[in-house]
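Me: Could you take a close look at one part of this model for me? I'd like to follow a single helix and see what it packs against.

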Amino acid sequence: MNAHQYNTIVKKYAKLLAGENITVKFENNTQPNFNVKTRTLTIPYFDIKCDSDIAINKMFIAHEVGHALFTSSQIVEDQNKRINPIFKYVNILEDVRIERKMKKMFKGLSSQFFDGYKHFTQEFSASTIARVNGESLINRINSFYKFGEFIDVKFSDAELDVLREANETETLYDVINLAEKI
């Protein structure tokens with residue numbers, strides 16, 4: 001399969017997951033992202049060399065389409081209007097929420113997230129894992145929900161309560177409240 005054929009399939013896959021005619025574009029040197037206001041999914045050009053590249057790409061697409069389905073543009077605008085010191089927290093906790101909702105809505109995505117994160121972590125060294133465990137609570141929450149099946153992320157008993165709360169957020173307002181609490 002050539003790059004054009006692959007990109008055509010990726011566009012159809014993203015639109016199918018989103019359930020709408022979102023704009024899908026490819027750019028060099030970018031992180032995957034979804035603009036909730038313009039309804040645009042931006043995906044980096046991937047040099048697909050092996051199955052792990054495809055797994056990671058499918059994981060990124062499913063994650064970003066989660067923002068299309070579950071992240072309100074109004075609340076994002078409200079958060080962006082003020083310089084918000086908890087924006088990073090909101091972003092991480094929203095990622096936890098939308099991935100959980102995507103897995104619930106599309107049962108087959110659980111294995112795509114699993115495969116994508118598994119391939120992503122194959123390059124992690126012991127020092128990378130040690131560094132993760134030395135990071136802030138919000139960064140360890142992020143690592144746990146992305147890589148926790150593949151690396152041992154450490155939490156205190158009190159932090160485990162926050163981790164449980166992160167897993168129970170239903171709305172973006174729940175996410176914001178938890179971010180403020182952290």
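Reply: Happy to; what follows is a walk along helix H2 and its surroundings, with a few stops elsewhere. Please keep in mind that this is a predicted model, and that the values below are computed from it.

Let's begin with His63, which sits in helix H2, a run covering residues 51–70. His63 has a relative accessible area of 8%, and because the cut-off for buried is under 20%, His63 counts as buried. Its side chain has a polar partner: a polar contact of 2.6 Å links the side chains of His63 and Glu99. Setting aside neighbours within four places in sequence, His63 is in contact with Asp95, Ile98, Glu99 and Phe113.

Some of those partners lead us to the packing of H2 on H4. The axes of these two helices are 9 Å apart, and the helices pack at an angle of about 95°. H2 is therefore roughly perpendicular to H4. On the H2 side, the contact is made by Ala62, His63, Val65, Gly66, His67, Leu69 and Phe70. H4 brings Glu94, Asp95, Arg97, Ile98, Glu99, Lys101, Met102 and Met105. Sorted by class, the contact of H2 with H4 holds seven nonpolar, three polar and five charged residues.

Two more H2 residues in that contact deserve a stop. Gly66, also in helix H2, is buried at 0% relative accessibility. Leaving out residues up to four places away in sequence, Gly66 touches Thr71, Ile98 and Met102. The C-alpha atoms of Gly66 and Phe34 are separated by 9.0 Å, although the two residues are 32 apart along the chain. Val65 touches Ala14, Leu17, Ala18, Leu41 and Met102, with residues up to four places away again not counted.

Val65 also takes us to the nonpolar core. The largest such core has 44 residues, and those with the most contacts inside it are Leu41, Ile61, Val65, Leu93 and Ile141. As background, nonpolar side chains tend to be buried together in soluble globular proteins.

From H4 we can move on to H5. Helix H4 spans residues 87–105 and helix H5 spans residues 109–121; their axes come within 7 Å and cross at roughly 135°. That angle makes H4 oblique to H5. Glu99, Met102 and Lys103 of H4 make this contact with Leu109, Ser110, Phe113 and Tyr117 of H5. By class, the residues divide into four nonpolar, one polar and two charged. Glu99, the polar partner of His63, is thus part of the H4 contact with H2 and of the H4 contact with H5.

Helix H1 is worth a look too, since Val65 touches Ala14 and Leu17, and H1 covers residues 3–18. Within H1, Asn7 is buried, with a relative accessible area of 18%. Asn7 touches Phe26 and Tyr45, not counting residues up to four places away in sequence. Thr8, in the helix as well, is partly exposed at 30% relative accessibility. The C-alpha atoms of Thr8 and Val24, 16 residues apart along the chain, are separated by 9.8 Å.

One last stop is Arg39, in the loop between strand E2 (33–35) and strand E3 (40–44). Arg39 is partly exposed, with a relative accessible area of 22%. Its phi is near 60°, a positive value in a residue other than glycine. For context, most residues other than glycine have a negative phi.

Key:
Residues are numbered from 1 along each chain as its sequence is written. This is a predicted model: local features need pLDDT of at least 70, side-chain atom pairs count only at pLDDT 80 or more; totals for chains, interfaces and linings use all residues. Side-chain values use heavy atoms; hydrogens and water are left out. Helices (H or I, at least four residues) and strands (E, at least two) are DSSP runs, numbered from the N terminus. Buried means under 20% relative accessible area, exposed over 50%, partly exposed in between (1.4 Å probe, protein chains only). A polar contact is a pair of N or O atoms within 3.5 Å; within protein, one must be able to donate a hydrogen and the other to accept it, and residues adjacent in sequence count only if both atoms are side-chain atoms. Contact means heavy atoms within 4.5 Å. Axes are lines fitted to C-alpha atoms, for helices over the stretch in contact, and angles run from 0 to 180 degrees between N-to-C directions. Angles under 35 degrees count as roughly parallel, over 145 as roughly antiparallel, 65 to 115 as roughly perpendicular and the rest as oblique. Ala, Val, Leu, Ile, Met, Phe, Trp, Tyr, Cys and Pro count as nonpolar, Asp, Glu, Lys and Arg as charged, and the others, Gly among them, as polar. A nonpolar core is a set of buried Ala, Val, Leu, Ile, Met, Phe, Trp, Tyr and Cys residues joined through side-chain atoms within 4.5 Å.
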